[in-house]
Amino acid sequence: MSETAIDIAPGSEVLETSLGVLHEVFGYDDFRGPQAEIVAHVGAGGDALVLMPTGGGKSLCYQVPAIVRERAGQGLTVVVSPLIALMHDQVGALIEAGVAAAFLNSSLSSEDAQKVEKQMLRGELTLLYAAPERLTTPRFLALLDSLHERGKLGLFAIDEAHCVSQWGHDFRPEYRALVVLHERFAGVPRVALTATADDLTRADIVERLQLQGARTFISSFDRPNIRYQLVEKKDATTQLLRFIRDEHGSAAGHDAGIVYCQSRRRVEEVAAMLCDAGLTALPYHAGLDAAVRQRHQDRFLREEGLIMVATIAFGMGIDKPDVRFVAHLDMPKNIEGYYQETGRAGRDGEPANAWMAYGLQDVVNQRRMIDESPAADEFKQVLRGKLDALLTLAEASDCRRVRLLSYFGEASQPCGNCDNCLTPPELHDATESARKLLSCIYRVQQASGTAFGAGHIMDILRGKLTEKVTQYGHEKLSTFGIGADLSETQWRALLRQLIAREAVAVHDAPYNTLHLADAARDILKGQSPVWLKTLSDKAAGSSRGSRQRAARATARDDGQPLSLSERECLEALKTWRAGVAREHNLPAFVIFHDATLRAIASRKPETLADLDGIAGIGQKKREAYGADVVRVVSAFV
Ligand code: ADP
Ligand code: ZN
């Protein structure tokens, strides 16, 4: 009788139906995190704004309500997605699961597009994916009108909703026109979804899409299965190669991963280097021909164990679930970008690595790009602040995850799954060395009336009689040679620490020179201690990590490693899956996820009934593939 009573009753009923759909269609046991609440709310006709990290499981938040509403006679769900290139695979995955789905975008011939429109009007579709520019044409809106008039328009799902905001990182003006959905189709519920968390973008989405009445669902942004490792850059490409071989290599090949680089040239070089080393790697950047880019992306999605070496042009909407590592060979611009990019690892919830090599030069380069950009001064100041926050994360000696999450406003406890948690760095008091470094910067500038860069300052500290040193007479300074006790690497580490603490500033004019900044005074006075990580040659956590990882990558449901015959069975299943995927022109993970194949290999089903309860096998897939799976397995029983 009260409003809440009416609300709750249909919601809980819808939840039950939704669970049924989850089992039957998707073959999963339970909803994850807030999914249950969301599908109940949306399925019952409520508007929602869903903020969930990449890999959190946003798709089911609208796919399950879409099926529930269609079965209840409420008609079609229209999914707005900006990524034409990926609609094909998303729709393919739904069709594999037995859901009537189609897409409309510029890749279809007009004949095929008309076919889809007819299906839609005849009520034969449960989900229709469309690009925003297509959706908002007068012609298409008129088609939707005719569905709406008959009560056959069940739901709008707006994916990647941050595209509506110029504060988001992927502003798409076409998204602005989507406000028409609210104005024109009163009463049709809308769910907007994004992995972008910041307040500004969120408020903008609500306003631009007029979602004021919508319920907001915010998930934790933690990605517990991702292990963060930030290492000091020495010989970056050698370090990368070692990381991939140690943690992601096996006799059978290597895991799928993404390596991000700053420039197109570097992308080409690194891809070539990895190939020379016998790995399978492809380049991807905006300078490549569109057809080449498309081909490389397709191969990355479809083949197993391929490494994509890319600029940040690659990745938006790549929903490949089994990317096992994301490596940054150069430091990104800010924590938002870093989190977005690393979030592409381990969407399937299995262990994955986020690895970054960074050095002083990265900071200097990023600073220079900001300084040289034509942006307004206040804006540059914001960019510098964001870069500094990332540097502070990189220099941190405590839990990376605690710092990352707190950057996004979330409190947490040390995670036990980052380099610093696994191998807490040994620290030593470096206050005295810091003071030497600071006074050296000061004296040099005073004596010469001009500032110098890091290399020259290190030379003076370490007492190296270079040409430049003698040219300026810097060997006569009192700070000449006072730092011979530390190696250049150690001095650089200390310098980064001081930059992160804003005791030293790097100015671009004249060229990357070092200057004392505000926090220098307290350190010089000895009032603010400086702790430095004691350098060790071994990459933090690497050997321990690899053993754990190797064990888990081939683990059974109960965590025990697969036996030899189980591993052979798994390989046979993968070969069978590759054949099916090729035949259907879809990525292998759309047929079955690795985790599903592993569960099959360890359970060795002998009948179709034995397939019950294996996650990822819904009714349709059991009918379509069950017999094949049992046949493949029978050779190993
Ligand atoms: P997002 O779009 O939020 O990045 P996806 O919707 O692609 O995430 O889901 C990520 C992965 O998690 C997919 O492989 C999906 O099949 C899986 N997944 C999502 N929800 C569940 C669930 N309730 N049970 C099991 N697996 C799930
Ligand atoms: Zn940690």
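Trainee: Are Tyr228 and Tyr338 buried or exposed?

Mentor: Both Tyr228 and Tyr338 are buried. The word means under 20% relative accessible area, while exposed is over 50% and partly exposed lies in between (1.4 Å probe, protein chains only). This is a predicted model, in which local features need pLDDT of at least 70 and side-chain atom pairs pLDDT 80 or more, while totals for chains, interfaces and linings use all residues; side-chain values use heavy atoms, with hydrogens and water left out. Residues are numbered from 1 along each chain as its sequence is written, chains are lettered from A and ligands numbered from 1 in the order in which they are written.

Trainee: How many aromatic pairs does a search of the whole structure find?

Mentor: The search finds 13 aromatic pairs. Tyr228 and Tyr338 form one that is tilted, with 6.4 Å from centre to centre and 45 degrees between the planes. Tyr228 belongs to strand β8 (residues 226-232) and Tyr338 to helix α13 (residues 335-342), so the pair links parts of the chain 110 residues apart. Helices (H or I, at least four residues) and strands (E, at least two) are DSSP runs, numbered from the N terminus.

Trainee: Why is the pair of Tyr228 and Tyr338 called tilted?

Mentor: Rings of Phe, Tyr and Trp (its six-membered ring) pair if their centres lie within 6.5 Å; planes under 30 degrees apart count as stacked, over 60 as edge-to-face and the rest as tilted. The centres of Tyr228 and Tyr338 are 6.4 Å apart and the planes differ by 45 degrees, so the pair falls in the tilted class.

Trainee: What makes the pair of Phe243 and Trp355 stacked?

Mentor: Its planes are 15 degrees apart and its centres 5.0 Å apart, so it meets the limits for a stacked pair. This pair also links distant parts of the chain: Phe243 is in helix α10 (residues 236-248) and Trp355 in strand β15 (residues 352-358), 112 residues apart.

Trainee: How do you know whether Phe243 and Trp355 are buried or exposed?

Mentor: Phe243 has a relative accessible area of 5%, so it is buried. Trp355 has 3%, so it is buried too.

Trainee: Which residues do ring pairs link into a cluster?

Mentor: The cluster consists of Tyr228, Tyr338, Tyr339, Tyr407 and Phe408.

Trainee: Which residues are the protein donors of the zinc ion (ligand 2)?

Mentor: They are Cys399, Cys415, Cys418 and Cys421, each through SG, at 2.3 to 2.4 Å from the ion. Donors are N, O and S atoms within 2.8 Å of the metal (3.2 Å for Na, K and Ca), and sites may look incomplete because water is not among the atoms. In sequence the donor residues are spaced C-x15-C-x2-C-x2-C.

Trainee: What makes the arrangement around the zinc ion (ligand 2) tetrahedral?

Mentor: Four donors count as tetrahedral if all angles lie between 85 and 135 degrees. Here the 4 donor atoms subtend angles of 102 to 119 degrees, so the arrangement is tetrahedral.

Trainee: Why are Cys415 and Cys421 called partly exposed?

Mentor: Cys415 has a relative accessible area of 26% and Cys421 has 23%. Both values lie between the limits for buried and exposed, so the middle term applies.

Trainee: What makes the link between His515 and Thr513 a polar contact?

Mentor: Their side chains are joined at 2.8 Å. A polar contact is a pair of N or O atoms within 3.5 Å; within protein, one must be able to donate a hydrogen and the other to accept it, and residues adjacent in sequence count only if both atoms are side-chain atoms. The side chain of His515 also makes a polar contact of 3.4 Å with that of His507. His515 is in strand β18 (residues 513-516), and so is Thr513. At 12% relative accessibility, His515 counts as buried, as does Thr513 at 3%.

Trainee: Where does Ser59 lie relative to an oxygen atom of ligand 1?

Mentor: A polar side-chain atom of Ser59 lies 2.6 Å from an oxygen atom of ligand 1. For Gly55 it is a backbone N or O atom that lies 2.6 Å from a ligand 1 oxygen, and for Gly57 a backbone N or O atom lies at 3.0 Å.

Trainee: What is the phi of Glu160?

Mentor: Phi is positive, about 50 degrees, although Glu160 is not a glycine. Most residues other than glycine have a negative phi. Glu160 is in the loop between β5 (153-158) and α8 (179-184), and at 17% relative accessible area it is buried. Asn585 also has a positive phi, near 55 degrees; its loop runs between α24 (564-584) and α25 (588-591). With 43% relative accessible area, Asn585 is partly exposed.

How values were computed. Four donors count as tetrahedral if all angles lie between 85 and 135 degrees; four count as square planar and six as octahedral if opposite donors are over 155 degrees apart and all others between 65 and 115; anything else is irregular.
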